Amino acid sequence: MLSINEYEKQQLRAVCGQLLWVSTQTRPDIAYATCFASNCVNQGTIADLKMVNKAVKLLKKEPLTLKFRKLCFAESLIVIFYDASFGNLKDGSSQGGFIIFLVSSSGKCCPITWQSRKIRRVCKSTLAAESWAMIEAVESGELVKTQFCEVTQTQELDVVVLTDCKSLHDTLHSSKNVDDKGLRIPIACLRQRVRDKEMKVHWISTKIQLADCFTKAGAPNAPLREVLCTGQFSHELYKVLFNKEMN
């Protein structure tokens, strides 16, 4: 791979900054490309420049409108979609991402916050990457819940975490210790939250995991874009959250 020169690095850094601002404000669908590009500035290649240019073209070609629906807070949930990718960044680091919605019992939803960035831990396995990514997502969800309750003066909302990692889901609903000793404390923290009913963790298939495109190149972002544009969850997601068919 051909490396880029200093001038091209400056251009890449400038465009990354612009993409970062846009992705954190109104375009979660380009969060993966922004995170990946930001982590390859110092060791950038021509292929990286092409990827960034592709993200810029996507912004211009496919506009996105975020729709915020009117919700009944008394019947709402805080729903966290999160995902992780083990060792996918250029320096061997892992990447985690999440998006948090406020969802009513009718399936209407509003995006609250989202993020895609390098996991600030050394991950030795997919389970480790998924665990640390979930912890960061859950902590952000708890902050959202606290701030929401303070502002609206309403009762605390239930938090639901949706993961497509079956092994982590099963681990959190088991009392068996994980083999990786470095994961035992974070896993114990997540288990305690589940046991104390501070959150619920459901497994979903990858095809309806809205955060999948936050951590993987080429992952389809159409499901995420549809939810953001319509402000409405799909029938499959609604059934997972409320355990019944949508009216």
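A residue counts as buried when its relative accessible area is under 20%. In this predicted model, serine 131 has 0% relative accessibility and is therefore classed as buried. Serine 131 lies in helix 4. Apart from neighbours within four places in sequence, its contacts are Leu168, Leu183, Ile187 and Leu190.

**Strand 1 and its partners**

Strand 1 covers residues 77–85, and nine of its nine residues are buried, so the strand is largely enclosed by the rest of the structure. The burial extends to both faces of strand 1. One side carries Leu77, Val79, Phe81, Asp83 and Ser85, and the other carries Ile78, Ile80, Tyr82 and Ala84.

Strand 1 pairs with strand 2 (residues 95–103) in the antiparallel sense through nine bridges. Strand 1 also pairs with strand 4 (residues 158–163), here in the parallel sense and over five bridges.

Strand 2 is likewise mostly covered, with nine of its nine residues buried. Gln95, Gly97, Ile99, Phe101 and Val103 point one way from the strand, while Gly96, Phe98, Ile100 and Leu102 point the other way, and all are buried. Strand 2 is joined in turn to strand 3 (residues 109–118), an antiparallel pairing over nine bridges. These two strands form a hairpin with five residues between them. Within that turn, glycine 107 has a positive phi of about 95°.

The table lists individual residue pairs across these strands.

| Strands | Residue | Residue opposite |
|---|---|---|
| Strand 1 and strand 2 | Isoleucine 80 | Isoleucine 100 |
| Strand 1 and strand 2 | Serine 85 | Glutamine 95 |
| Strand 1 and strand 4 | Valine 79 | Valine 160 |
| Strand 2 and strand 3 | Isoleucine 99 | Tryptophan 114 |

**Helix 8**

Helix 8 spans residues 235–242, and its buried residues are Leu237, Tyr238, Leu241 and Phe242. Viewed down the helix axis, the buried residues of helix 8 fall within an arc of 105°, so they line one face of the helix. The elements that cover these residues include strand 1, strand 2 and strand 4. The pairings described above link these strands, since strand 1 is bridged to strand 2 and to strand 4. Just after helix 8, asparagine 243 adopts a positive phi of about 55°.

**The internal cavity**

Rolling a probe the size of a water molecule over the atoms shows where empty space is left. For this model, the count comes to one cavity of 30 Å³ or more. The largest cavity has a volume of about 50 Å³.

Its lining consists of Gly96, Gly97, Phe98, Gln115, Arg117, Lys118, Ile119, Ala133 and Glu136. By class, the lining has three nonpolar, three polar and three charged residues. Strand 2, strand 3 and helix 4 (126–152) each contribute at least two residues to the lining. Gly96, Gly97 and Phe98 thus appear in two settings: they belong to the buried residues of strand 2, and they are among the residues lining the largest cavity. Helix 4, which also holds serine 131, is one of the elements supplying the lining.

How values were computed
Residues numbered from 1 in each chain as written. Predicted model: local features only at pLDDT ≥ 70, side-chain atom pairs only at ≥ 80, totals over all residues. Heavy atoms only, no water. Buried < 20%, exposed > 50% of the residue type's maximum accessible area, 1.4 Å probe, protein only. Helix = DSSP H or I, 4+ residues; strand = E, 2+ residues; numbered from the N terminus. Pairing = 2+ DSSP bridges. 1 Å grid on protein atoms, 1.4 Å probe; cavity = no way out; pocket = protein on both sides within 12 Å on 5 of 7 lines; lining within 4 Å. Points joined across faces, edges and corners; volume = space filled by probe spheres on them. Nonpolar A, V, L, I, M, F, W, Y, C, P; charged D, E, K, R; others polar. Arc of directions from axis to C-beta. Contact = heavy atoms within 4.5 Å.
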